[in-house]
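Trainee: I should like to work through this model with you, one question at a time. May we begin with the ligand and then turn to the protein chain?

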Amino acid sequence: MRIYLRGDLGSGKTTLIRGLLRALGVKDTVKSPSYPLVELYVVSRLNLYHFDFYRFLDAHEFDDAGLADYFHGEGVCLVEWPNGQAMPFLHPTLSSVWLIQAQERNQRERHLAQRESDV
Ligand SMILES: Nc1ncnc2c1ncn2[C@@H]1O[C@H](COP(=O)(O)OP(=O)(O)OP(=O)(O)O)[C@@H](O)[C@H]1O
Ligand SMILES: [Mg+2]
């Protein structure tokens, strides 16, 4: 399964993934992956892979790092910045989660509710 999170810088993508993993019982620190390119979280028999492709611009790098395997496996791929040049061939299997930049909590929730009708 692939879940793509789209939204401006600082719009809350990592925070949403952290909340999801916490709800699943993950106790580890959840931070944005940089090096290595992917962070793995294991919940029972389920593998969840967290990617952030903000600085990832080269499709060859994607292939060289062997990342395609994650996207065709059994696990759940949680992807921030899925719209980079390395990613166009990997379509989400679940509706993308849409987030937008908002400073204030109520405003953020209102925009999320509006965007649900778009996906
Ligand atoms: N729903 C929310 N309400 C209030 N603050 C939030 C909410 N979601 C995120 N934040 C705060 O906004 C900041 C940025 O959040 P986060 O790192 O999750 O954004 P991001 O979309 O992953 O950014 P990037 O594009 O840089 O990866 C953090 O300080 C976080 O605590
Ligand atoms: Mg992030």
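Trainee: How many nonpolar, polar and charged residues does the shell around ligand 1 have?

Mentor: The model is a predicted one. Glycine is counted among the polar residues in this classification. By class, the shell around ligand 1 has 1 nonpolar, 7 polar and 5 charged residues.

Trainee: Which element gives the most residues to the shell around ligand 1?

Mentor: The shell has 13 residues, of which G10, G12, K13, T14 and T15 come nearest to the ligand. Two elements give two or more residues to it, namely α1 (13–23) and α4 (105–116). With 3 residues, the element that gives the most is α1.

Trainee: What is the order of the elements along the protein chain, from the N terminus on?

Mentor: The protein chain holds 4 helices and 5 strands. Read from the N terminus, their order is β-α-β-β-α-α-β-β-α.

Trainee: Which element gives the most residues to the largest nonpolar core?

Mentor: That core has 15 residues, and L48, Y49, F51, C77, L78 and V79 have the most contacts inside it. The elements that give two or more residues to the core are β1 (2–6), β3 (46–52) and β4 (76–80). With 4 residues, the one that gives the most is β4.

Trainee: Which residue stands opposite Y49?

Mentor: Strand β2 (residues 38–43) runs antiparallel to β3, and 6 bridges join the two. Leaving aside neighbours within four places in sequence, Y49 is in contact with V38, L40, Y70, G75, C77 and L78. Of the residues just named, the one that stands opposite Y49 in the pairing with β3 is L40.

Trainee: Which residue takes a positive phi in the hairpin of β2 and β3?

Mentor: The hairpin has 2 residues between its strands. A positive phi near 55° is taken there by S44.

Trainee: Is E74 buried or exposed?

Mentor: E74 is placed in the loop between α3 (68–71) and β4. A residue with 12 or fewer other C-beta atoms within 10 Å of its own counts as exposed. E74 has 9 such neighbours inside 10 Å, and therefore E74 counts as exposed.

Trainee: How far apart in space are E74 and M1?

Mentor: In sequence, 73 residues separate E74 and M1. From C-alpha to C-alpha, their distance in space is 7.4 Å.

Trainee: What percentage of the residues of the protein chain count as buried?

Mentor: A residue is buried if 20 or more other C-beta atoms lie within 10 Å of its own. Of the 119 residues of the protein chain, the share that count as buried is 23%.

Conventions: Residues are numbered from 1 along each chain as its sequence is written. Chains are lettered from A and ligands numbered from 1 in the order in which they are written. This is a predicted model: local features need pLDDT of at least 70, side-chain atom pairs count only at pLDDT 80 or more; totals for chains, interfaces and linings use all residues. A residue is near a molecule or strand if its C-beta atom, placed from the backbone, lies within 6 Å of it. A nonpolar core is a set of buried Ala, Val, Leu, Ile, Met, Phe, Trp, Tyr and Cys residues joined through C-beta atoms within 7 Å. Two residues are in contact if their C-beta atoms, placed from the backbone, lie within 7 Å. Two strands pair if DSSP finds at least two bridges between them.
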